[in-house]
Amino acid sequence: MKASVEDSKIEQYWDVKINKDNPAYPFIVIDNWYTPNEEKAVWKELDFYSTMPRENTLRAEKTLVARDNDGTPRSTSFRFYISNFYKDERLSPIFNCRYKQRSPEFHKIIGECLPYARSFLSSNTDSTLISYYEENDHYRPHHDTSLWTNLIWMVKEPRLFDEGDFILDDIDVKIKLKSNRAVFFPCCYLHSVTPVKFHTEPKEIGYGRYCITHFYGNLPEDY
């Protein structure tokens, strides 16, 4: 399925797959999420985050993250929050590309995922998290606490690692990691990330697995 999206004279063709093999667990996979120009801008932003000294970079284990009953974090990765780097988030290419999720064309796509689509279409707020996975970094099965989750994966080529794939654990479906691929699903689904395994040692930071996450929720109008 191809979807043409036009916003401010920006046109992009998405390669869309709406998976409803299990009617109780629909999800969406869209390749070529960013246009070529957007993709270049996003990579510049991600490369900027990679220049941050490791001692000043948050680890998922030290943030608000899914945990076991004994407090053990289920995720190991580096994390970046756009609001920590920009006084005006509108200067962020990643932030600015969120117009896509609010476009009428995307609303038609997600509208195929009833009844869950209703919660996305009624959402009025979102937040963004950027994760970066290196050797052995992973995320064990967990669910999110918003309404919908949108993951966008970015990987440099040639790829220097194996795995880092995404799993919808409730239905035992593996979605292969692919750069510029977006995945959408209701946040109540259990999901996980397999450990990243480098087969070639990178000479610099940035050759691991990036995941841009947008969480969609709903707040009272007077919040």
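This is a walk through a predicted model, stop by stop, with something to select at each one.

**The whole chain**

Start zoomed out, with the chain as a cartoon. You should be able to pick out 4 helices and 16 strands. The C-alpha atoms fill a box of roughly 45 × 45 × 40 Å along the principal axes. A compact globule of 223 residues would have a radius of gyration near 17 Å, and the chain has 17 Å, so the two agree. Colour by burial and 48% of the 223 residues count as buried. Contacts reach well along the sequence too: among those between residues at least 6 apart, 72% join residues at least 24 apart.

**The largest nonpolar core**

Now select Ile30, Trp33, Leu46 and Ile130. Within the largest nonpolar core, which has 31 residues, these four touch the most other members. Add helix 1, residues 36–50: this helix gives the most to the core, with 4 residues. Lying apart from that core is another one, of 24 residues, and Ala60, Ile171, Val196 and Phe198 are among them. As a general point, nonpolar side chains in soluble globular proteins tend to be buried together.

Go back to Ile30 and show what surrounds it. Beyond its neighbours within four places in sequence, Ile30 is in contact with Trp14, Asp15 and Val16, with Phe106, and with Asn180, Arg181, Ala182 and Phe184.

**The aromatic cluster**

Show the aromatic side chains next. The whole structure holds 22 aromatic pairs. How are the rings of Trp14 and Trp33 arranged? Their centres are 4.7 Å apart and their planes at 10°, so this pair is stacked. Trp14 sits in strand 2 (residues 10–19), while Trp33 is in the loop between strand 3 (27–31) and helix 1, 19 residues apart. Both tryptophans are buried.

Keep Trp14 selected and add Phe106. Here the ring centres are 6.3 Å apart with the planes at 90°, so the pair is edge-to-face. Phe106 belongs to helix 3 (residues 104–110), 92 residues from Trp14 in strand 2, and Phe106 is buried as well.

To see the full group, select Trp14, Trp33, Phe106, Phe120, Trp148, Phe184 and Tyr216, which form one aromatic cluster. Two charged side chains are worth adding to the view. The charged end of Lys100 sits over the ring of Trp33, 5.9 Å from its centre. Arg102 lies over the face of Phe120, at 5.6 Å from the ring centre.

**Strand 9**

From Trp148 in that cluster, step into strand 9 (148–154). Is this strand enclosed or open to the outside? 7 of its 7 residues are buried, so strand 9 is largely enclosed by the rest of the structure. Rotate to check both faces: Trp148, Asn150, Ile152 and Met154 are on one side, with Thr149, Leu151 and Trp153 on the other, all buried. In a regular strand, side chains alternate between the two faces of the sheet.

Then bring in the partners. Strand 13 (residues 181–186) pairs with strand 9 in the antiparallel sense over 6 bridges, and there Thr149 stands opposite Phe185. Strand 16 (residues 209–217) also runs antiparallel to strand 9, joined by 7 bridges; look for Met154 opposite Tyr210.

**Leu160 and Ser131**

Follow the chain out of strand 9 to Leu160, in the loop before strand 10 (161–163). Buried or exposed? Leu160 has a relative accessible area of 13%, and since buried means under 20%, Leu160 is buried. Leaving aside neighbours within four places, its contacts are Phe198, His199, Thr200, Pro202 and Tyr207.

Now select Ser131, in strand 7 (residues 125–133). Ser131 is buried too, with a relative accessible area of 5%. Its contacts beyond four places in sequence are Ser77, Phe78 and Arg79, plus Arg209, Tyr210 and Cys211.

**An open sheet to finish**

Last, find the open sheet of 5 strands, in the order 5-8-14-11-12 with antiparallel pairing. Strand 5 (75–76) and strand 12 (173–175) are the edges, each pairing on one side only. Inside the sheet, strand 8 (residues 138–142) and strand 14 (residues 191–193) pair over 2 bridges. Select Tyr139 and look across to its bridge partner, Val193 in strand 14.

How values were computed. Residues numbered from 1 in each chain as written. Predicted model: local features only at pLDDT ≥ 70, side-chain atom pairs only at ≥ 80, totals over all residues. Heavy atoms only, no water. Core = buried A, V, L, I, M, F, W, Y, C linked by side-chain atoms within 4.5 Å. Buried < 20%, exposed > 50% of the residue type's maximum accessible area, 1.4 Å probe, protein only. Contact = heavy atoms within 4.5 Å. Pairing = 2+ DSSP bridges. Phe/Tyr/Trp six-rings, centres within 6.5 Å; stacked < 30°, edge-to-face > 60°. Lys NZ or Arg CZ within 6 Å of the ring centre and 35° of its normal. Rg over C-alpha atoms; globule rule 2.2 N^0.38 Å.
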